[in-house]
Amino acid sequence: MTKKQFLDSFLETIAEYDNIAIVSHVNPDGDAVGSTLAFCFFLKKLGKNVNVLLPNAFPSCFNWLPGASDIILYDKNAATGLQVLSNADLFCFLDFNTPSRTGLIHNDLCHFTKTPILLVDHHRDPDLSKFKTYLCETETSSTSELVAEIIQYHGFDKYLDLDIAKCLLVGIMTDTGSFAHSIFHPETFDICSKLIIPGIDYTEIHHNVFDAYSENRVRLLGFSLSKMKVLPQYHTAYIVLCSDELERFDYQVGDTEGVVNYPLSIKEVNMSVLIKEHQGQIRFSFRSKGQFSVHEFAKDNFGGGGHHNAAGGSLNCSVAQAVDKLLEIIPAYKNDLDY
């Protein structure tokens with residue numbers, strides 16, 4: 001299905017359904033929160049009964065977003081979430097394309113195989129056979145940008161308001177690192193310019209997201225950077241954070257967001273890795289510069305994936321084993337990292 005086919009048929013498709021559940025991925029980021037809320041507001045303007053379900057808590061820096069307090073967190077309120085899924089005649093998957101990325105929600109989604117699914121996403125390697133209709137564009141900054149395109153196609157003058165604009169700006173801003181990466185075409189800036197409507201204070205939005213950290217979060221950042229190890233022969237840096245170290249800084253969801261980006265500011269570093277032990281699992285965050293695909297790196301070695309320059313993965317093992325695996329496989333990528 002082409003983008004134009006999706007956009008042309010969107011209103012007709014949505015007209016078939018009254019109760020819609022919007023779902024996003026585990027450990028939701030700014031794009032997951034921003035895109036789902038904006039899409040929710042838009043669908044409500046189309047007369048639909050809509051709920052947003054997220055698998056677990058999102059970073060507190062997004063609590064101020066319109067509608068954030070209405071999001072159903074599945075790990076806290078599974079009974080309500082299950083009722084929403086049961087009542088829904090359409091699921092909308094936003095910012096992910098593999099059902100297993102929904103964490104706890106996945107266990108219940110498996111029971112609703114007859115409920116049609118609409119997908120809006122910008123991640124690679126989707127299995128599009130699972131979806132009734134889809135807008136999947138990997139060369140797009142964020143899912144929030146795709147949601148903005150859907151709304152724009154049917155009329156910003158009709159549907160865009162302050163709540164939707166704020167949510168979309170946060171999603172695009174965070175998934176591009178404040179417009180530092182993942183800009184594939186000028187339309188990203190064009191659509192953002194149209195979101196700056198009367199009443200929008202972009203400076204305040206940026207402040208709410210990036211200048212409202214706790215003291216513990218800033219101290220954790222300093223501690224994390226003090227633990228950074230650089231492998232100059234492989235143009236790679238990595239940081240390891242154990243669960244007891246996170247507890248020392250009263251870790252909250254989102255406190256390590258962005259930590260993995262800092263080593264890339266070193267001129268010779270082309271890949272940065274954050275290895276974090278949390279809730280009995282080892283989670284990896286990968287970032288790269290230029291040509292090196294951390295999506296392929298994560299997919300091939302850590303059961304993960306994402307984007308060309310930003311990806312994640314996980315292992316069920318000890319911290320030491322996770323580090324050993326990373327150090328074991330990196331030499332095979334020496335030539336790719338040396339550019």
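1. A convenient place to enter this predicted model is I266, which counts as partly exposed because its relative accessibility is 25%, a value between the limits of 20% for buried and 50% for exposed. I266 sits in the loop that runs between α10 (243–248) and β9. Once its neighbours within four places in sequence are set aside, the contacts of I266 are with M228, V230 and K289. Computed along the chain in residues, I266 is 247 places from N19, and the C-alpha atoms of these two residues are 49 Å apart in space.

2. Stepping back to the whole protein, the reader will find 13 helices and 12 strands. The radius of gyration is 20 Å, close to the 20 Å that the globule rule gives for 339 residues, so the protein is as compact as a globular protein of that length. The C-alpha trace spans about 55 × 45 × 40 Å along the principal axes.

3. On burial and surface, 52% of the 339 residues count as buried, while the accessible surface of the protein comes to about 15100 Å², with 49% of that area belonging to carbon and sulfur atoms. When contacts between residues at least 6 apart in sequence are considered, 67% of them join residues at least 24 apart.

4. As for charge, the protein carries 27 positive and 42 negative side chains. The centres of these two sets lie 2 Å apart.

5. Which residues of helix α12 are buried? In this helix, which covers residues 319–329, they are V319, A322, V323, L326 and I329. These residues are on the same side of α12, because they cover an arc of only 145 degrees around the axis. The cover over the buried residues of α12 includes the strands β8 (236–241), β9 (271–278), β10 (281–288) and β12 (310–315), together with the helix α11 (294–301).

6. Helix α8, residues 202–210, can be read in a similar manner, its buried residues being I205, N208 and V209. Viewed down the axis of α8, these fall within an arc of 95 degrees, so they line one face of the helix. Among the elements that cover the buried residues of α8 is α6 (162–175).

7. Two residues deserve a look for their backbone angles. D95 is not a glycine, and yet its phi is positive, at about 75 degrees; this residue lies in the loop between β4 (90–94) and α4 (104–109). Q279, also a residue other than glycine, has a positive phi near 55 degrees, and its place is the loop between β9 and β10.

8. Are D95 and Q279 buried or exposed? D95 counts as buried, since its relative accessibility is 2%, whereas Q279 is exposed, with a relative accessible area of 66%.

9. T133 belongs to strand β6, which is made up of residues 133–136, and with a relative accessibility of 5% it counts as buried. Beyond its neighbours within four places in sequence, T133 is in contact with M1, F6 and T13, and also with I117, L118 and L119.

10. S144 is part of helix α5, residues 143–159, and is buried, with a relative accessible area of 0%. Where does the chain come into contact with S144, neighbours within four places in sequence being left aside? The residues concerned are D31, G34, S35, C167, L168, G171 and I172. Of these, C167, L168, G171 and I172 have numbers that fall in the range of α6 (162–175). S144 and A38 are 106 residues apart in sequence, and their C-alpha atoms are 7.9 Å apart in space.

11. A last serine to consider is S226, which lies in helix α9, residues 215–226. S226 is exposed, its relative accessible area being 56%. Between S226 and S60, which are 166 residues apart along the chain, the C-alpha separation is 25 Å.

Methods
Residues are numbered from 1 along each chain as its sequence is written. This is a predicted model: local features need pLDDT of at least 70, side-chain atom pairs count only at pLDDT 80 or more; totals for chains, interfaces and linings use all residues. Side-chain values use heavy atoms; hydrogens and water are left out. Helices (H or I, at least four residues) and strands (E, at least two) are DSSP runs, numbered from the N terminus. The radius of gyration is taken over C-alpha atoms; the globule rule is 2.2 Å times the number of residues to the power 0.38. Buried means under 20% relative accessible area, exposed over 50%, partly exposed in between (1.4 Å probe, protein chains only). Contact means heavy atoms within 4.5 Å. Accessible areas come from the Shrake-Rupley method with a 1.4 Å probe; for residues, only the protein chains shown count as cover. Lys and Arg count as positive and Asp and Glu as negative; His and the chain ends are not counted. The place of a charge is taken as NZ of Lys, CZ of Arg, CG of Asp or CD of Glu. The arc is that of the directions from the helix axis to the C-beta atoms.
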